[in-house]
Each structure stands twice: as structure tokens, then as C-alpha cells.
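Me: I am new to this structure and should like to learn how its features are read. May we go through them in turn?

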Amino acid sequence: MMSSLLRHTRMLRWLLLMWVLLALASAVRASTSVGEVTLCIGSSQIHREGRSESVTKGYSIVSGDVIRTTANGHVHIRFVDGALVSVRPDSVLQVVEYRYDPANPSASLIKFYLETGTMRGISGLAAQAARDKFRLNTPLVAIGVKGTDFVTQADAKRAVVLVNQGAIVLAPLDNTCLVDGFGPCATPRARELAATMNGMALVYRQAAREPLLQPVNSLQGGDKITPTLFQERIGSASTATVVADGKNHRRTLSEEAAAAMDSLRRARQAAESNVIPQTNSLIWGRWGDNVRPGDNLTVPFKEALSGNRVTVGDGYYFLFRNETITNTLTNASGLANFRLESGTASYRDPFNVVSAAIVDGGSLSIDFGRNTFATQLAVTAQSIGTQAVAATGTIDRTTGVFLSNGAADRVSGAVSLDTSQAGYFFSKSVGNGALMGATLWRR
């Protein structure tokens, strides 16, 4: 009997030891950083183990974290394998699982859950080495990748996906494509979308038989992909050059990013070539014959001058306005929120070499009651990564011109006479260099 008691005691001790070791291992895994917030615009929250904290640049991400962005929130995350994720406003994204071992990338295990909103994902070394173990779930579909840069919008009623580079496989969740699985679902209802299918989106709606391919410019209502999202599609590709482990990876990703930016510009032009442009009463002109790198927004000064008048300018960018439309500036009231329609930017380094940069989303609000404005931008350049441009200031109701109030980031712009559009040029010092560019916005 004594022998039996000793055996039971030893067994209980062994079980207790195993339980402690497993608990410690679980705690270590839960506390291990798998990524870092590299950009935070507006207000957002991280939910972790029953508590919430405000997101700030440099915040460490661990498996299980839930990122919740507000209407003005925008969060960029760089993961340990070089992957990039952009969480757009009004979105909820959970990092369900993120395991990456640099010594054995093929054993990686990655899963995200986009409950609602919009996210952009650029695959890192883990997804490239273990595509069969990457999964993005939404309430309705499972998405697997094939070395990809893609954008997903989702909620409880539909999912819409665009692909900028590579390809994805989208399958409705059912008894053959389980939410607990990893990798692409190879089911009869699965559909593939590749970047070579320029101007196409893959759409799945609740209770539909299968996903459908649709031209981007034919999407309606909540499925519609806005010009701002096209701009975001191009944005972060260059940041991939600074997020991988080791010089060899960084060099390879840099070459891929440069090629990707060219192909993505062509894809956007192809996708938008069929979109009927809205009437513009604001237009950007440039002074001089030399076009700055990355400038796809301005037209020659004389062309912009035809029938228009200059509102603001900085020696290169000049914002022209149609003065023949009805002037409602003096009657404007309340808070007006504008969406980013297009933008251009460049970066001048300390050696005075100018290179292209990308305007990667932002917000602009004008309070016509208080005669004030506030704006934020994310601007990406290859050599400095993503930078935040932020400014507040006042607007002259008689002219529609608004100026920043002496903050480090300089903004000068104007609204159209009917207050439906706005535009501004900006500049920001970054070390001994500077970012500069121009934007157009629409209500």
C-alpha cells in the first residue's frame, strides 16, 4: 500500500511539474513580441487578456492581440519576419497566431482574423516559406496566399479582396473549409485572384453560392473600393526594404519592392482608366519643366492656368481653382470631413538627391463654424520608411485658403468655392532631409 501511495505521489508531482512547465511555456509564448507598431495615426486600441491600451508607435504586438481602430485610426505593424500589415480606420483585426523561427521558416504558423473593416497585408519570410500555413479569416471566408500583397474589406455580410502582387485563394467558410484550419482551402467553391487580373476584385456576399470576380469600377455601395484605398494599395511596398532580417533579405526585398511599385502603378492606372472622373474645380499645376520624381498629380503651369486662378503655391506646387462656380464659402457651417482622393510626394535627402515617395492615406476635417482645420497623412519613402505628417490651423472663410499654425509640419491649401473639394501642399523635415508633396480631397 505504501508503495502504491508513493507511486501516486510521484505521479501527482510529475503531473504538477508538467502543468507548471506548460503554463510557463504558454506564458512565454503569449508575452513574446511578434511585431511592432511602426505608425499610428488617430486613436486606436490594443485589447490583450481582458484589458485595453492606446496604441502608440513602438508598441509590441503579441499573439492574441486585437487591434481596434476608430474612424480616424490607422495602424501599421511590422512583424518579425518582415511582413507588413496596415489596419485601416473602423477596423477590428486579431493576431490569432504568429509563429516564426528564422532557423526553420517552413515551420511558421500565421493566422489573422479580420472581424470588420479593411486591412492590407504584405507577406513576409514566414508566409513565403510556409504558404500552406498562412490564413486570414473573416466572418464569411478564408483567405490563403501565394506570396502576396493584398487588401481585404470585410464584415458579417461580405468580403472584398484586391491583389496588388502575387495571388490569393478565397473560399467561403463551411464544413469543408473550417475556421480552425490553416492555408488556402481547396474546395469546389474556392476562387483565385491574381495581380495579373488587372482591375478585378473578388467578392463574396452572405449566403451566396460562390465568390464572384467583378471589375473594381463596377462595385457598388459597401463593396465599392474608394480612390483612397487605391492610394493605400501602392503605399507601403517600399517599407518592405527595412523590415527583414539580415542584409541579404533586405537587399532582396528592396529589389522586389521597386519592381512592385512599378507594377502596382500600372495596375492602378489600368483599374482606374475605366472610371468616369468626377468634375474637379481644383487642379495642381507645377512651375518649371522638370517633374519631381513620383509626381503623377500636377500638370504644366500654363495648362492649369487656363480658366483658373492660383490660390496657394510654394514655388513648385500651385493649387488652381475654378472661380466660375457658385461661391458658398460664406454660408458653409459645421464640421466637414474629406476623404483623400489623390496625392504625390517626394523626399529630398541630406545630399539634395530627390526620390519618389508615396502618400499612404490620411484624414482632413474642416470646421467651418470655428474656422479651423486638422489633417494627418502617412507618407512613405524608401530610405526613411513611413512618416506621419500632422497639422492644424485656420481657414479664411472669405477666400477658402487655410494655413497651418506654425507647427513643424507645414501645410497650405484651399477649398473649392462650393466646398466639395480641398487641396494642400505639405512639407516635413526628416533629419537633414525633407518630405514634400501635394494632395487632393473630396467630401
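Reply: Let us begin with exposure. A residue is called buried under 20% relative accessible area, exposed over 50%, and partly exposed in between. Please keep in mind that the model is predicted.

Me: Is Cys 40 buried, partly exposed or exposed?

Reply: Cys 40 has a relative accessible area of 22%, so this residue counts as partly exposed. Across the chain, 49% of the 443 residues count as buried.

Me: Which cysteines are joined by a disulfide?

Reply: A disulfide is recognised from a pair of cysteine sulfur atoms within 2.5 Å. Here Cys 177 is joined to Cys 185, with 2.1 Å from S to S. The count is one disulfide. This link is right-handed, with 75 degrees about the S-S bond, and both Cys 177 and Cys 185 are buried.

Me: How many residues does the largest nonpolar core have?

Reply: In soluble globular proteins, nonpolar side chains tend to be buried together. In this model the largest nonpolar core has 41 residues. Those with the most contacts inside this core are Ile 61, Phe 79, Phe 112, Phe 150 and Ile 168. Strand 9, residues 109-122, gives the most to this core, with four residues. A second, separate core has 29 residues, including Phe 373 and Val 411.

Me: What is Phe 150 in contact with, leaving aside its neighbours within four places in sequence?

Reply: Its partners include Met 119, Phe 134, Leu 136, Val 161 and Ile 168.

Me: How many helices and strands are there in the chain?

Reply: The chain has five helices and 29 strands.

Methods:
Residues are numbered from 1 along each chain as its sequence is written. This is a predicted model: local features need pLDDT of at least 70, side-chain atom pairs count only at pLDDT 80 or more; totals for chains, interfaces and linings use all residues. Side-chain values use heavy atoms; hydrogens and water are left out. A nonpolar core is a set of buried Ala, Val, Leu, Ile, Met, Phe, Trp, Tyr and Cys residues joined through side-chain atoms within 4.5 Å. Buried means under 20% relative accessible area, exposed over 50%, partly exposed in between (1.4 Å probe, protein chains only). Helices (H or I, at least four residues) and strands (E, at least two) are DSSP runs, numbered from the N terminus. Contact means heavy atoms within 4.5 Å.
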